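The following exercises are intended to be worked with the sequence and the coordinates at hand. Each task is followed by a solution in steps.

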Amino acid sequence: MKILLFSHKSDVDGITPVILSKLVFEQVDYILEEPSTINEKFKTVYEEGTFNNYDFIYITDLCINQKIAQQIEQDEILKEKILVFDHHHTNIEMNQYSFITVIDSDGEKKECGSSLYFQHLLETYPNETLQKPVIREMVELVRLIDTWEWKKDNVIEATWISSLLGIYGRDYYIDFYYNFCLKESHFYFNQEQKYLLEVEDIRIKNYIEKKEGEMIPVELHGYQVGIVFAELYRSEVGNRLAEKYQDKYDFIAVINVSRSVSYRGVKDIDLSAFAKIYGGAGHKQAAGSSLPENLLNNIIELIFKDSKEST
Ligand SMILES: [Mn+2]
């Protein structure tokens, strides 16, 4: 079977569905996007007629908007081909569509994109590899890190799997864990990985310290916000500083000038609602929004007042 997968670009919850798909289907093509870009990308691929080449189209850890969902709902063939598995509570209302499943929590535990997709695959295509404990154990670590439930029992291994994605990069990570899942029966971290993680830990600590010194206080919509510019380790920077400065700031906004803004908090403030003001989305304590369209050009003009556009 040939499938096309749309998934979330930036974390293990978005990347793991690629690995799972490869363990199940003969041919897997995948497109990795952000919540802010998925709709446009999906629409383009749809209008190009590319979906005709696939048996199924999956969307994981992301969701399409109402307008596109309505379009699909009216397309009798496509409706049967597309399946969405998301867990972002801002998308809960999308459950009204037969091909969309959005589950934030089953009552006992929180779900993530990978855990929902894994359950679907296991029920629909229970092959030998998929039934091995290694897959279940890997998906559980992803779930723990993505839903923050690792904090409850301090399952530090969940943070390791996320750090390894940063160290390896997407392509190598996918390759490595695809082969690992084929070969191994249980999940574990090898000595080499543990060494890499130790080095990475030191790098992150140093980076956070540096960013801490550069934090800028701003008032936004009545909130006290600590603003940090960071291109690396954005989640770690945001989480650590939100915790450390909870008496001073309501939450932290990490701006990556070349990509987007991440919001991180530890208080009872719905950051997904705050992100929405700026066209973003996410979870209560971790959300994001995209940047103004002309930001980079504006920065260039601010720095080089005499610059001219060039081709
Ligand atoms: Mn997720």
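**Exercise 1.** Leaving aside its neighbours within four places in sequence, which residues is Ile208 in contact with?

*Solution.* The model is a predicted one. Begin by locating the residue: Ile208 lies in helix H9. Next, list its partners beyond four places in sequence, which are Glu236, Val237 and Arg240. For one of these partners, Arg240, the separation along the chain is 32 residues, while the C-alpha atoms of Ile208 and Arg240 are 7.8 Å apart. Finally, classify the environment. The cut-off for a buried residue is 20 or more other C-beta atoms within 10 Å; Ile208 has 20 and is therefore buried.

**Exercise 2.** Determine how many residues of helix H10 are buried, and what they pack against.

*Solution.* Helix H10 covers residues 234-244. Inspect each position in turn: the buried ones are Arg234, Glu236, Val237, Gly238, Asn239, Arg240, Leu241 and Ala242. Eight of the 11 residues are thus buried, so H10 is largely enclosed by the rest of the structure. The list includes Glu236, Val237 and Arg240, which are the contacts of Ile208 found in Exercise 1. To complete the picture, identify the surrounding elements: the buried residues of H10 pack against helix H9 (191-212) and against strands E7 (223-229), E8 (251-255) and E9 (260-264).

**Exercise 3.** Explain why the buried residues of helix H8 line one face of the helix.

*Solution.* First, check the geometry. H8 comprises residues 170-183, and its 14 residues reach 20 Å from the first C-alpha to the last, close to the 20 Å expected at 1.5 Å a residue. Second, select the buried residues, namely Tyr173, Tyr177 and Cys181. Third, view the helix down its axis: these residues fall within an arc of 55°, so they line one face. The general rule is that an α-helix has 3.6 residues a turn, so residues three or four places apart point the same way. Fourth, turn to the other side of H8, where Asp171, Tyr172, Asn179, Leu182 and Lys183 are exposed. Lastly, the cover over the buried residues of H8 includes helices H1 (12-24), H6 (133-147) and H7 (156-168).

**Exercise 4.** Describe helix H7, its packing, and the residue that follows it.

*Solution.* H7 has 13 residues and spans 19 Å between its end C-alpha atoms, close to the 18 Å expected. Its buried residues are Ala158, Ile161, Ser162, Ser163 and Leu165. These pack against H1, H6, H8 and H9. After H7 comes Gly169, with a positive phi near 85°.

**Exercise 5.** Into which domains is the chain assigned, and how many residues of each are in contact with the other?

*Solution.* The domain assignment gives domain 1 (2-189) and domain 2 (210-297). Their C-alpha centres lie 25 Å apart. Six residues of domain 1 are in contact with six of domain 2. On the domain 1 side, the touching residues divide into one nonpolar, four polar and one charged.

**Exercise 6.** Compare the radius of gyration of the chain with that of a compact globule.

*Solution.* A compact globule of 311 residues would have a radius of gyration near 19 Å; the chain has 20 Å, which agrees. The C-alpha atoms fill a box of roughly 55 × 50 × 45 Å along the principal axes. Within the chain are 12 helices and 11 strands, and buried residues make up 35% of the 311 residues.

Methods:
Residues are numbered from 1 along each chain as its sequence is written. This is a predicted model: local features need pLDDT of at least 70, side-chain atom pairs count only at pLDDT 80 or more; totals for chains, interfaces and linings use all residues. Domain bounds come from an automatic or database domain assignment. Two residues are in contact if their C-beta atoms, placed from the backbone, lie within 7 Å. Ala, Val, Leu, Ile, Met, Phe, Trp, Tyr, Cys and Pro count as nonpolar, Asp, Glu, Lys and Arg as charged, and the others, Gly among them, as polar. Helices (H or I, at least four residues) and strands (E, at least two) are DSSP runs, numbered from the N terminus. The expected span of a helix is 1.5 Å times one less than its number of residues. A residue is buried if 20 or more other C-beta atoms lie within 10 Å of its own, exposed if 12 or fewer, and partly exposed in between; C-beta atoms are placed from the backbone. The arc is that of the directions from the helix axis to the C-beta atoms. The radius of gyration is taken over C-alpha atoms; the globule rule is 2.2 Å times the number of residues to the power 0.38.
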